Amino acid sequence: MANRWAGFSVVGDVVTMVDCEIPDGENEPIVIIADDTWKLQAGDRPSAYHVMYRRCSNYLKENGITKAFVKASALTMGSTKLAHLTSAELRGVIISAAAAQCDVRAIPKALISRTYGNRKVDEYLQDDVFWDENTTGRALRKNSREAVMIVIAVRSGK
């Protein structure tokens, strides 16, 4: 029986969520069930975080997601800006909501570049043939590829 996994990427006040069906066969492409963008509501941030927590938690529960993978925060060169900190806050909300419903792991992009395949993640993200071979189902937006790349790398056992 196929499993349902979700990949998340957080940039600013926007969460990219991709719901994936993982086939039993190792070499079968991942099936994209949903590719969605969740925007943090305007106004009071704690209230908005609560709404996002419930949205994420409810989605994972209602759709039988068994594992979730979140693109982890990365070190930045130079001074840290407020945008990085607010992204990290929202990322924490997503990690916490996911942990309430399923197994969750935060995976750094740099780790995938070091352990998956022979190219950097950004090279895979631009390779349309790679995505055609490794995914099927609903159309996957190019800006959602990073969330699915985490799922692909974890699935491969790297």
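Biologist: What makes S1 and S2 a hairpin, and which residue in the turn has a positive phi?

Modeller: In this predicted model, S1 and S2 form a hairpin with two residues between them, and Gly12 in the turn has a positive phi of about 65°. Strand S1 covers residues 3-11 and runs antiparallel to S2, to which nine bridges join it.

Biologist: How do you know that S1 and S2 count as paired strands?

Modeller: Two strands pair if DSSP finds at least two bridges between them, and here nine bridges join S1 to S2, so the criterion is met. Asn3 stands opposite Ile22 in S2, while Val14 in S2 is the bridge partner of Val11.

Biologist: And how do you know that S2 also pairs with S3?

Modeller: The requirement is again at least two bridges, and eight bridges join S2 to strand S3, residues 30-39, so these antiparallel strands are a pair. Within this pairing, Glu21 stands opposite Val31 in S3.

Biologist: Why is strand S2 called largely enclosed?

Modeller: A residue is buried when its relative accessible area is under 20%. Seven of the nine residues of S2, which spans residues 14-22, are buried, and therefore the strand is largely enclosed by the rest of the structure.

Biologist: What is the order of the strands in the open sheet, and why are S5 and S6 said to stand at the edges?

Modeller: The open sheet has six strands with mixed pairing, in the order S5-S4-S1-S2-S3-S6. Strand S5 (103-107) and strand S6 (135-137) each have a single partner strand, so one side of each is left without a neighbour in the sheet. From one strand to the next, the twist averages 30°.

Biologist: What makes you say that helices H1 and H6 pack on this sheet?

Modeller: Contact requires heavy atoms within 4.5 Å. Helix H1, residues 45-62, touches S1, S2 and S3, and its direction makes about 165° with that of S3. Helix H6, residues 145-155, touches S1, S2, S3, strand S4 (67-71), S5 and S6, and the direction of H6 makes about 135° with that of S1.

Biologist: What lines the second largest pocket, and how many of its lining residues are charged?

Modeller: This pocket has a volume of about 200 Å³, and its lining includes Asp24, Glu26, Tyr116, Glu133, Ile152 and Arg155. By class, the lining has four nonpolar, three polar and five charged residues. Helix H5 (128-134) and H6 each supply at least two residues of the lining.

Key
Residues are numbered from 1 along each chain as its sequence is written. This is a predicted model: local features need pLDDT of at least 70, side-chain atom pairs count only at pLDDT 80 or more; totals for chains, interfaces and linings use all residues. Side-chain values use heavy atoms; hydrogens and water are left out. Buried means under 20% relative accessible area, exposed over 50%, partly exposed in between (1.4 Å probe, protein chains only). Helices (H or I, at least four residues) and strands (E, at least two) are DSSP runs, numbered from the N terminus. Axes are lines fitted to C-alpha atoms, for helices over the stretch in contact, and angles run from 0 to 180 degrees between N-to-C directions. On a 1 Å grid over the protein atoms alone, a cavity is a set of points where a 1.4 Å probe fits but cannot get out, and a pocket is an open set with protein on both sides within 12 Å along at least five of seven lines; lining residues have an atom within 4 Å of a point. Grid points are joined across faces, edges and corners, and a volume is the space filled by probe spheres set on the points. Ala, Val, Leu, Ile, Met, Phe, Trp, Tyr, Cys and Pro count as nonpolar, Asp, Glu, Lys and Arg as charged, and the others, Gly among them, as polar.
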